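Got the viewer open? Here's a short tour of some aromatic side chains and the company they keep.

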Amino acid sequence: MPAFKTLDDFDLSGKRVLVRADLNVPVADGKVTDATRIERLVPTIREIIKVDGKAIILSHFGRPKGKVDPEFSLELVVPAVADETGHPVGFIATDWIDVTKARQAIDEAPPGSILVLENTRFHPGEEDNDPALAARMAELGDIFVNDAFSAAHRAHASTEAIAHLLPSAAGRAMEAELKALEAGLGNPERPVIAIVGGAKVSTKLDLLGNLIKKVDGLVIGGAMANTFLHAGGLGVGKSLAEKDLAETANDIRDKAEAAHCAIILPIDATVAWHFEANAPHRFYGVDSMDPEGMILDVGPGSIERIKGAIDEAKTIVWNGPLGAFELQPFDHGTVEIAQYVAARTKAGKVVSVAGGGDTVSALAHAGVKDQFTYVSTAGGAFLEWMEGKPLPGVEALKR
């Protein structure tokens, strides 16, 4: 794991601590509808304020395109931060062009305060990683703490440039995420099985290319599997498949074989003739597909095959559902495998790390989101980490 400092390396007493958080949370009718990212921020905030430090939160929110836009003001999120921390939270408005008033408000705030600064994307320099904007941000603090892994794949002023201007550390959520990811692929206990699903191979070429070099077995599900089945000469009927990527799929299989990574594809499927919940369906072997049917989930034989691979594993990394989990009963494969991994995790048999938007939703649907070793809410950053790409926000924290 990259050598980076944590909160343990600093005396936070009385310090102004700039905390890069991810408060880009869903809001409806003026209220936060999912506070998961705020919940994960709480341990870092509490450590700062318990020693009379000032927790000064930086974050983006939505896409205001470099302009001040009240629709995207972080003032909307302040009540949710107060609810989760159980502490009063102040809001500081700024256009990020002149931070004089913001600095004054911070200086006048009593020790142990929690303050939320205005949306960093109200200035175009944020997404341009502008060093001048980063310098203005750095004026407001003594220490920089990045606790937003979900924004770590972006080289922005508040994630990358500022880390070079102040003593910097990973917050508790960032620290936990990096440790979990290290356990997943960095230095995992073997054998390692990756479960990758979703709709398109084309969106996960980098991911598959990296995984076949790092894991012992790769379970491919969802519509992605249809592309591989087609490439192998099997009929997939009217299923979603990227048939023009057949050569690419076969190339991935050849490289996996050379890397001694087993590719595990469905051997049977749940097939329907309409893409809708509770549509009439039946099971087919992948070698006897109805040319008029659509594969919407893995079949019972495939589920048992995947369970067998999981039984051999010490580490499971998961990104993407195995079928159309939004529609019953085509959620069955994803739910059963998710619950099986959760049970193996609870029994101490595997370390399980999962992430990606659809994955988090699928695990929540299966009722096991809190039963994996670690579930990342980071979306794009989690995917880029799985692809083996350096994350600017993490690289900037290295000692």
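**Rings and their neighbours**

Start by selecting Trp385: at 17% relative accessibility it counts as buried, since the cut-off for buried is under 20%. Keep in mind that you're looking at a predicted model.

Now add Phe382. Both residues belong to helix H12 (residues 380-386), where they sit 3 residues apart, about one turn of the helix. Phe382 is buried too, with a relative accessibility of 0%. Turn the view until you can see both rings: the centres of Phe382 and Trp385 are 5.6 Å apart and the planes meet at 45°, so this pair is tilted.

How many aromatic pairs does the structure hold? There are 3. For another one of them, select Trp318 and Phe372. Their ring centres lie 6.2 Å apart with the planes at 50°, so call this pair tilted as well. Zoom out a little and colour by secondary structure: Trp318 is in strand S15 (residues 315-319), while Phe372 is in the loop between helix H11 (357-365) and strand S17 (374-376), so the contact ties together parts 54 residues apart in sequence. Switch on a surface and check each partner: Trp318 is buried at 1% relative accessible area, and Phe372 is buried at 6%.

Next stop, charges over rings. Pick Tyr374 and look for Arg40, which lies over the face of that ring, 5.3 Å from its centre. Then jump to Tyr284, where Arg282 lies over the ring face at 4.2 Å from the centre.

Methods
Residues numbered from 1 in each chain as written. Predicted model: local features only at pLDDT ≥ 70, side-chain atom pairs only at ≥ 80, totals over all residues. Heavy atoms only, no water. Phe/Tyr/Trp six-rings, centres within 6.5 Å; stacked < 30°, edge-to-face > 60°. Helix = DSSP H or I, 4+ residues; strand = E, 2+ residues; numbered from the N terminus. Buried < 20%, exposed > 50% of the residue type's maximum accessible area, 1.4 Å probe, protein only. Lys NZ or Arg CZ within 6 Å of the ring centre and 35° of its normal.
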